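Work through the following exercises with the sequence and the structure open beside you. Try each task on your own before you read its solution.

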Amino acid sequence: NNHKDNSRGGLIVLEGLDRSGKTSQSSRLLSHLEGQGLSVESWRFPDRTTCVGNMISSYLTNNSQLDDRTVHLLFSANRWEKRSLMESKLRSGTTLIVDRYSYSGVAFSSAKGLDIDWCKAPEAGLLAPDLVVYLDIPPEKAAERGGYGGERYEQLEFQKKVSQYYNVLCDPTWKIIDACLPVDVVEKQLKEFVMNSIAICQKGKPLSQLWS
Ligand code: TMP
């Protein structure tokens with residue numbers, strides 16, 4: 001029947017400040033979904049394994065200097081270079097759990113003072129997520145968690161600005177989870193949002209594009 005033809009995986013995006021718990025929640029979620037017998041992969045941006053990703057990584061670790069607009073476009077290119085693979089995975093029924101996406105791109109670059117619409121422009125036409133979950137943590141609390149690894153953006157004052165831009169980007173479809181709750185509670189809430197979203201994609205929800 002028609003439903004089966006259009007069945008696909010879900011594009012699930014986790015967003016939040018540095019140290020909000022995205023990475024550990026992604027891996028918990030991955031195990032859970034695999035345990036349910038679902039086809040699922042865990043992705044992250046920046047994807048530091050590509051040539052573009054290498055340039056980004058060297059910038060983040062302060063091993064190179066790049067103009068703010070240049071690095072913004074590299075982050076965007078890093079998503080564009082994965083777009084066709086992303087689409088084919090989703091169409092073949094694989095759910096992708098993506099740790100950071102275009103919203104990080106826009107929030108972090110806008111926090112440096114770049115115009116927000118300028119920042120959004122190169123993201124237009126990338127695949128739109130089926131679900132955005134924002135792990136909400138006050139910047140001060142994130143800083144207390146320690147383990148800011150010394151990368152370029154891992155500073156309290158900067159993270160405060162990033163959180164303001166996440167607020168601007170946030171729309172009513174985003175699911176917000178209080179990231180200060182115990183990890184198990186966060187995990188449980190996350191699973192529920194994700195399972196609902198996957199079910200809708202399996203029924204044949206069309207893929208759509210960001211900001212275009
Ligand atoms: P990570 O710690 O999740 O690997 O991300 C590295 C840093 O890059 C993090 O501080 C967020 C920032 N970032 C951007 O500035 N723009 C982007 O498009 C992405 C995906 C991340």
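**Exercise 1. Determine how many disulfides the structure holds, and examine Cys-170 and Cys-51.**

Solution. A disulfide is a covalent bond between the sulfur atoms of two cysteines. In this predicted model, the number of disulfides is zero. Take Cys-170 as a case to check: the nearest cysteine sulfur belongs to Cys-180 and is 16 Å away, whereas a disulfide needs the two sulfur atoms within 2.5 Å, and Cys-170 is therefore in no disulfide. As for accessibility, Cys-170 has a relative accessible area of 29% and is partly exposed, while Cys-51 reaches 65% and counts as exposed, because exposed means over 50%.

**Exercise 2. Describe where the ligand sits and which residues surround it.**

Solution. Begin with the site as a whole: the ligand sits in the largest pocket, and 13 residues surround it, the closest being Asp-18, Arg-48, Arg-79, Arg-100 and Gly-105. Next, look at individual distances. A polar side-chain atom of Arg-79 is found 2.8 Å from an oxygen atom of the ligand, and a side-chain N or O atom of Arg-100 is likewise 2.8 Å from a ligand oxygen. With Gly-105, it is a polar backbone atom that lies 3.3 Å from an oxygen atom of the ligand. On its own the ligand has 480 Å² of accessible area, of which the protein covers 94%. Finally, ask which elements give two or more residues to the shell around the ligand: these are helix H4 (68–80) and helix H6 (102–111), and H6 gives the most, with three residues.

**Exercise 3. Decide whether Arg-100 and Arg-19 are buried, partly exposed or exposed, and find the sign of phi in each.**

Solution. Arg-100 is placed in the loop between strand E3 (95–99) and H6. Its relative accessibility is 10%, so Arg-100 counts as buried, since the limit for buried is under 20%. Phi of Arg-100 is near 80 degrees, which is a positive value in a residue other than glycine. Arg-19 belongs to the loop between strand E1 (11–16) and helix H2 (22–35); with a relative accessible area of 37%, Arg-19 is partly exposed. Although Arg-19 is not a glycine, its phi is positive, at about 70 degrees.

**Exercise 4. Trace the contacts made by the side chain of Arg-83.**

Solution. First locate the residue: Arg-83 lies in helix H5 (residues 83–91), and its relative accessible area of 14% makes it buried. Then follow the side chain, which forms a polar contact of 2.8 Å with the side chain of Glu-87 and also reaches the backbone oxygen of Gly-125 at 2.9 Å.

**Exercise 5. For Glu-154 and Glu-187, set the separation along the chain beside the separation in space.**

Solution. Glu-154 is in the loop between helix H8 (139–144) and helix H9 (156–169), and it is buried at 17% relative accessible area. Along the chain, Glu-154 and Leu-17 are 137 residues apart, yet their C-alpha atoms are separated by 9.3 Å. Glu-187, in helix H10 (residues 183–202), counts as buried at 15% relative accessibility. Its partner in this exercise is His-32, which is 155 residues away in sequence and 9.8 Å away in space, taken from C-alpha to C-alpha.

Terms used
Residues numbered from 1 in each chain as written. Heavy atoms only, no water. Buried < 20%, exposed > 50% of the residue type's maximum accessible area, 1.4 Å probe, protein only. Near = heavy atom within 4 Å. Polar contact = N/O pair within 3.5 Å; in protein donor to acceptor, adjacent residues only side chain to side chain. Areas by Shrake-Rupley, 256 points an atom, 1.4 Å probe, with all protein chains shown as cover. 1 Å grid on protein atoms, 1.4 Å probe; cavity = no way out; pocket = protein on both sides within 12 Å on 5 of 7 lines; lining within 4 Å. Sits in = over half its atoms within 2 Å of the grid points. Helix = DSSP H or I, 4+ residues; strand = E, 2+ residues; numbered from the N terminus.
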